[in-house]
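Subject: Handover of a structure, with findings

Dear colleague,

I am passing a structure on to you with this email. Please open it first and then read the notes beneath it.

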Amino acid sequence: MQGKTALITGGSRGIGRAIALRLAGAGAYAVINYLRNDAAAEETLRLIGAAGGNGEIRRFDVSAFYETQEAVNGIVAARGRLDILVNNAGTTADGLIVRVQEEDWDRLIDTNLKGVFNCCRAVIRQMMKQRWGRIINIASVAAEAGNAGQSAYSAAKAGVLGLTKSLARELAARNICVNAVSPGLIDTEMIASLSEKSLEEALKQIPLGRTGRPEEVAAAVAFLASEEAGYITGQVLRINGGLYI
């Protein structure tokens, strides 16, 4: 990936950080998007530098259309190109449907689904001009299997899968591959709030009997972002230990 520029949204922590480190380690210039946690973003950039990679941090809200467009234009102006987009930024608003507030639903859809559209819309012209691009959208096992208490999250991630497949058809003629990665239960801050009993019950549903590691998701993303994945588009790569087959 030498000479390529990659934008990773939500790249300051968890899966996003692992992806940024993996792509930078393969030679890409990693642009780390984040919204709130300055310290986490700076730590990700430090880790990239310590491993011999290069990158920068860019703070913008993926749910804001014009803010996202302006940020992407700035990256292209500075780097001259943008080759890889990883749509990882996301949020949760768990709760049974009768308790989900409208503002929570809107916030989640704006970030998890509209944010993906905003970023794709912003990068596509440059990728079409280059006649090369890779877009990898981070979905979730909840998009395909559903999950009680995650109606908004499941709906948004299912929308991401539909968007992925439609864009794959639209952009294939310009040598732009669009795929999704669908993680299951991954060992990040998002599952840290689970009680020990809840985690034990969840693990019983996973044939491999363990949570996944962010680095395992990052490895799949790195493959889909590579030249070797040039004949793969419109696909969903599940990384869930067999939770959903």
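The notes below go from the whole chain to single residues.

Please keep in mind throughout that this is a predicted model.

**The chain as a whole**

The protein chain contains eight helices and seven strands. Its C-alpha trace spans about 50 × 35 × 35 Å along the principal axes. What radius of gyration does the protein chain have, and what would a compact globule have? The chain has 17 Å, and because a compact globule with 245 residues would have a value near 18 Å, the two agree.

Of the 245 residues in the chain, 47% are buried. The accessible surface comes to about 11,900 Å², and carbon and sulfur atoms account for 49% of that area. Contacts also link parts of the chain that are distant in sequence: among contacts between residues at least 6 apart, 73% join residues at least 24 apart.

**A nonpolar patch on the surface**

Four residues, Leu96, Ile97, Val98 and Trp105, form a nonpolar patch on the surface. Together they have about 420 Å² of accessible area. To find the patch in the viewer, you may start from leucine 96, which lies in the loop between β4 (84–87) and α4 (102–130). Is leucine 96 buried or exposed? The answer lies in between: its relative accessible area is 47%, so leucine 96 counts as partly exposed.

**Asparagine 240**

Asparagine 240 is found in the segment after β7 (236–239). Its relative accessible area is 9%, and residues under 20% count as buried, so asparagine 240 is a buried residue.

Which backbone atoms does the side chain of asparagine 240 reach? One is the backbone nitrogen of glycine 242, at 2.8 Å. Another is the backbone oxygen of tyrosine 244, at 2.9 Å. Leaving aside residues up to four places away in sequence, asparagine 240 touches Val141, Gly184 and Ile206.

**Two residues with a positive phi**

Most residues other than glycine have a negative phi. Against that background, two residues deserve a look.

Arginine 131 is not a glycine, yet it has a positive phi of about 60°. Arginine 131 sits in the loop between α4 and β5 (133–138). With 46% relative accessibility, it counts as partly exposed.

Asparagine 175 is not a glycine either, and its phi is positive at about 65°. Its place is the loop between α6 (151–171) and β6 (176–183). Asparagine 175 is partly exposed, with a relative accessible area of 35%.

**Salt bridges**

How many salt bridges are found in the whole structure? The search gives twelve. Three of them are described here.

In the salt bridge between arginine 107 and aspartate 104, the side chains meet at 3.5 Å, N to O. Arginine 107 and aspartate 104 are three residues apart in helix α4, so about one helical turn separates them. Arginine 107 is partly exposed at 36% relative accessibility. Aspartate 104 is partly exposed too, with a relative accessible area of 26%.

Glutamate 201 and lysine 204 form a salt bridge in which the closest N and O atoms are 3.2 Å apart. Both residues lie in helix α7 (residues 196–204), where they are three residues apart, about one turn of the helix. Is each partner buried or exposed? Glutamate 201, at 40% relative accessibility, counts as partly exposed. Lysine 204 stands at 60%, and residues over 50% count as exposed, so lysine 204 is an exposed residue.

Arginine 210 forms a salt bridge with glutamate 216, and here the closest N and O atoms are 2.8 Å apart. Arginine 210 counts as partly exposed at 39% relative accessibility, and glutamate 216 counts as partly exposed at 25%. This pair belongs to a network: salt bridges that share partners join Arg210, Arg213, Glu215 and Glu216.

With these notes, the structure is now in your hands.

Yours sincerely

Definitions and conventions: Residues numbered from 1 in each chain as written. Predicted model: local features only at pLDDT ≥ 70, side-chain atom pairs only at ≥ 80, totals over all residues. Heavy atoms only, no water. Patch = residues over 30% accessible without salt bridge, like charges linked within 9 Å, V, L, I, M, F, W, Y side chains within 5 Å. Areas by Shrake-Rupley, 256 points an atom, 1.4 Å probe, with all protein chains shown as cover. Helix = DSSP H or I, 4+ residues; strand = E, 2+ residues; numbered from the N terminus. Buried < 20%, exposed > 50% of the residue type's maximum accessible area, 1.4 Å probe, protein only. Polar contact = N/O pair within 3.5 Å; in protein donor to acceptor, adjacent residues only side chain to side chain. Contact = heavy atoms within 4.5 Å. Rg over C-alpha atoms; globule rule 2.2 N^0.38 Å.
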